[in-house]
Amino acid sequence: MTALLSVRGLKRHYPVRRPGGLFGRPATLKAVDGLDFDIPAGRTLGLVGESGCGKSTTARLVLGLVPPSAGEVRFDGGLVTAKHDAAWRRQRRRMQMVYQDPLGALDRRMPVAEQIGEPIAIHEPGLPAAERAERVAELMAQVGLGASMAQRYPHELSGGQRQRVVIARALALDPALLVCDEPVSALDVSIQAQVLNLLDDLRARTGFAALFISHDLKVVRQMSDRVAVMYLGRIVEEGAPEEVFHAPLHPYTQALVSAIPVPGRRRERIVLEGDPPNPVDVPAGCPFHPRCPVATARCTREVPRLERDAGRAVACHLVTAPAAHAAE
Ligand code: SF4
């Protein structure tokens with residue numbers, strides 16, 4: 001399947017100083033450290049991992065909001081750059097973002113209808129006001145906002161309603177790709193399911209592709225056609241959701257999955273020691289080795305490559321044939 005979004009060798013490193021003020025030793029923070037993935041048109045890739053693993057930096061790189069240190073992002077064949085010129089604006093129109101914090105994403109001084117219509121006004125300045133108003137009304141209906149909300153301001157809305165405004169605004173230009181960065185993590189649990197169902201429904205109806213980012217495996221599983229698990233700026237496992245959740249191959253994924261309760265079944269929880277290391281001090285060898293319950297001496301020396309086979313990918317020295325494992 002041809003990729004709508006193609007990411008190759010993507011890295012984003014930041015020069016930092018270790019504690020010590022001006023005299024602190026220079027170091028490198030490896031926020032994203034060599035990502036490869038594709039998203040075909042109309043499909044969703046879920047990116048999951050703990051806070052600080054590089055998920056949000058990946059979103060910003062994909063949208064050209066920050067330049068990569070190495071590697072490239074291609075959208076519909078064209079290179080995505082962080083040079084915000086006319087070509088980037090044309091691309092950006094077809095790649096929209098849904099943010100974690102809907103209040104921060106909205107202009108507090110602008111009523112709902114104006115917020116949703118703003119991208120249309122910017123990108124289609126010749127469109128008559130009546131037609132724009134009609135499009136806004138359709139978008140509001142699509143995301144389940146009543147017409148009575150049109151003149152309300154963000155502070156007059158609930159968290160779920162604000163996120164619906166953000167989603168309507170993101171869909172206003174009929175994007176081919178939606179990048180959703182923790183779109184429900186700021187919402188009450190009772191509202192999360194409604195917003196997820198809305199996104200799922202809109203995706204089925206309008207056919208956009210999505211990069212869906214979350215720390216929550218259950219959320220990613222619900223929303224994704226494929227799942228990629230990130231640890232310290234790298235993908236450690238990738239596959240179809242049912243494979244990754246029912247037969248995780250990487251020890252890190254196994255630990256994450258073991259923490260998800262299964263109704264009516266007791267399963268042994270794998271508790272990882274410690275927190276993920278600081279991305280300034282990525283351990284040598286396999287970055288996961290200090291926390292890995294099955295690490296060997298080789299793991300302290302050699303970085304495992306992400307090996308792909310039969311639609312599955314895993315980066316672990318102890319997993320040599322993903323296809324064989326998947327079939328077990
Ligand atoms: Fe664990 Fe070694 Fe596999 Fe890394 S390569 S996940 S340390 S077994």
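This report describes the ligand site, the enclosed and open spaces, and a few helices and residues of one structure. The model is a predicted one.

**The ligand and its cavity**

The ligand is surrounded by 13 residues, and the closest of these are Cys286, Cys292, Cys299, Cys316 and His317. By class, this shell consists of 10 nonpolar residues and three polar ones, with no charged residue. The ligand sits in the largest cavity, which has a volume of about 80 Å³. Lining this cavity are 13 residues, with Cys286, Cys292, Cys299, Cys316 and His317 lying nearest its centre. The lining of the largest cavity again divides into 10 nonpolar, three polar and no charged residues.

Cys299 is also one of the contacts of histidine 289, a residue that, leaving aside its neighbours within four places in sequence, touches Pro283, Ala284, Ala295, Cys299 and Thr300. Histidine 289 is found in the loop between α10 (251-258) and β11 (307-309). Its relative accessible area is 19%, and histidine 289 therefore counts as buried, since the cut-off for that class is under 20%.

**Cavities and the largest pocket**

In total, the structure holds two cavities of 30 Å³ or more. The table sets these beside the largest pocket, with the make-up of each lining.

| Space | Volume | Lining by class |
|---|---|---|
| Largest cavity | about 80 Å³ | 10 nonpolar, three polar, no charged residues |
| Second largest cavity | about 40 Å³ | six nonpolar, one polar, one charged residue |
| Largest pocket | about 370 Å³ | 10 nonpolar, two polar, four charged residues |

The second largest cavity is lined by Thr44, Cys180, Leu199, Arg203, Phe208, Ala210, Phe212 and Met223. The elements that give two or more residues to this lining are helix α7 (189-206) and strand β8 (209-214). With respect to class, six residues of the lining of the second largest cavity are nonpolar, one is polar and one is charged.

The largest pocket has 16 lining residues, and Arg92, Gln96, Pro119, His123 and Arg169 lie nearest its centre. At least two residues of this lining come from each of α2 (86-94), β6 (95-98), α4 and α6, and the largest share, four residues, is supplied by α2. Four residues in the lining of the largest pocket are charged, alongside 10 that are nonpolar and two that are polar.

**Helices α4 and α1**

Helix α4, which spans residues 112-123, contributes to the interior through Val112, Ala113, Gln115, Ile116, Gly117, Pro119 and Ile120, which are buried. What do the buried residues of α4 pack against? They pack against two other helices, α5 (129-142) and α6 (159-171). Pro119 thus appears in two settings, being buried in α4 and lying among the residues nearest the centre of the largest pocket. In general, an α-helix has 3.6 residues a turn, so residues three or four places apart point the same way.

Helix α1, made up of residues 55-62, is mostly covered, with six of its eight residues buried. How many of the residues of α1 are buried is thus settled, and by name they are Lys55, Thr57, Thr58, Ala59, Leu61 and Val62. Just after this helix, glycine 64 adopts a positive phi of about 75°.

Methods:
Residues are numbered from 1 along each chain as its sequence is written. This is a predicted model: local features need pLDDT of at least 70, side-chain atom pairs count only at pLDDT 80 or more; totals for chains, interfaces and linings use all residues. Side-chain values use heavy atoms; hydrogens and water are left out. A residue is near a molecule or strand if one of its heavy atoms lies within 4 Å of it. On a 1 Å grid over the protein atoms alone, a cavity is a set of points where a 1.4 Å probe fits but cannot get out, and a pocket is an open set with protein on both sides within 12 Å along at least five of seven lines; lining residues have an atom within 4 Å of a point. A molecule sits in a cavity or pocket if more than half of its atoms lie within 2 Å of its grid points. Ala, Val, Leu, Ile, Met, Phe, Trp, Tyr, Cys and Pro count as nonpolar, Asp, Glu, Lys and Arg as charged, and the others, Gly among them, as polar. Buried means under 20% relative accessible area, exposed over 50%, partly exposed in between (1.4 Å probe, protein chains only). Contact means heavy atoms within 4.5 Å. Grid points are joined across faces, edges and corners, and a volume is the space filled by probe spheres set on the points.
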